[in-house]
Amino acid sequence: MSQVKYYYDPDTLSYRKIEHKKSKKFRNVALMFLGAAILGFLGLLLLLNTNVVNTPKELSLQRELHNYEFQFQLLNKKMEQMEQVLGNIEDRDNNIYRLYFEANPIPEEQRRAGFGGVNRYKSLEGFNNSDMIIDATKRLEIIQKQMVIQSKSLDEITKLAEEKEKFLEAIPAIQPISNEDLTRMASGYGWRSDPFTKVRKMHWGMDFTSPRGTPIYASGNGKVTRADASSTGYGKHVRIDHGYGYLTLYAHMSKYNVTQGQTVKRGDLIGFVGSTGRSEAPHLHYEVWKDGDRINPINFYYGNLSALEFENLLKHATQENQSLD
């Protein structure tokens with residue numbers, strides 16, 4: 001029960017009971033509820049901007065989301081590193097490997113091409129970070145495609161390297177008689193005086209003077225196609241097919257060390273110096289054929305001669321003297 005309050009009235013010199021007006025009561029109650037509502041609203045706003053109202057599960061999900069964002073940043077950095085490394089490999093592939101093996105470079109637009117057609121990323125749309133996820137997915141797929149293209153290119157380079165190695169082993173690249181066994185370079189490729197008729201005519205090979213029985217070596221890998229004396233003028237001679245259009249001929253031998261159909265490697269002993277056939281003295285007549293034409297053998301000794309030895313050989317080979325056959 002509420003306490004009754006009085007006030008002193010000086011006019012009547014007596015105490016009177018305090019009467020509260022109903023409107024004032026309602027106003028006070030309304031003000032009290034309004035104040036409580038404002039305080040409640042402000043408190044709710046404060047709570048919503050803090051973690052106070054978050055449940056443990058919500059807090060765990062938030063931490064997981066932050067961790068995913070951090071991992072996504074790391075993924076982007078790794079992709080940047082992969083793109084840099086792959087770009088370096090592609091540059092070397094186009095400008096060194098493919099250039100060396102005479103293969104056409106792979107166009108940049110082919111390496112960097114994306115994927116057209118249907119929307120491949122529809123399932124990734126509609127999320128808060130869809131743009132970021134789609135962009136990362138596109139980058140990964142382009143990197144995958146670049147790696148596939150580069151892998152195929154390296155497979156091609158490997159095959160070209162193997163073929164190049166076979167080619168370098170096959171072409172005639174050494175002097176067929178060792179410098180230690182060589183008496184002199186008797187005659188080179190070109191117009192020379194015939195030792196029998198003294199008429200100036202084309203000499204299609206090089207004549208190496210050495211004692212009878214001096215070893216003769218195959219100048220490159222290949223297959224012996226002939227080892228006989230049935231060609232006019234050559235006497236006992238050997239022919240080796242090296243492939244790639246190259247053939248070498250070794251004439252005026254005293255005897256053979258190979259037979260027809262035999263496979264030989266560069267440096268293998270194939271016969272010995274003699275003077276059989278149309279020959280004035282013991283020597284080796286050596287020819288190099290390319291695609292059916294006889295060419296100057298002087299360009300095929302880089303495999304076992306120093307620069308000084310080659311210069312000396314070139315000096316003697318270019319002198320227009322008398323050949324020995």
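Biologist: What makes the side chains of Arg294 and Glu287 a salt bridge?

Modeller: A salt bridge needs a side-chain nitrogen of Lys or Arg within 4 Å of a carboxyl oxygen of Asp or Glu. Arg294 and Glu287 meet at 3.9 Å, N to O, so the pair fits that definition. Please keep in mind that this is a predicted model, where local features need pLDDT of at least 70, side-chain atom pairs count only at pLDDT 80 or more, and totals for chains, interfaces and linings use all residues. Residues are numbered from 1 along each chain as its sequence is written, and side-chain values use heavy atoms, with hydrogens and water left out.

Biologist: Why is Glu287 called buried?

Modeller: Buried means under 20% relative accessible area, exposed means over 50%, and partly exposed lies in between (1.4 Å probe, protein chains only). Glu287 has 2%, so the word is buried. Its partner Arg294 has 25% and therefore counts as partly exposed.

Biologist: How do you know that Lys290 and Asp291 meet in a salt bridge?

Modeller: Their N to O distance is 2.8 Å, and that is within the limit of 4 Å. Lys290 is partly exposed at 23%, whereas Asp291 is exposed at 56%.

Biologist: Why is the link between the side chains of Ser275 and Ser279 called a polar contact?

Modeller: A polar contact is a pair of N or O atoms within 3.5 Å; within protein, one must be able to donate a hydrogen and the other to accept it, and residues adjacent in sequence count only if both atoms are side-chain atoms. The two serine side chains are joined at 2.9 Å, so the distance fits.
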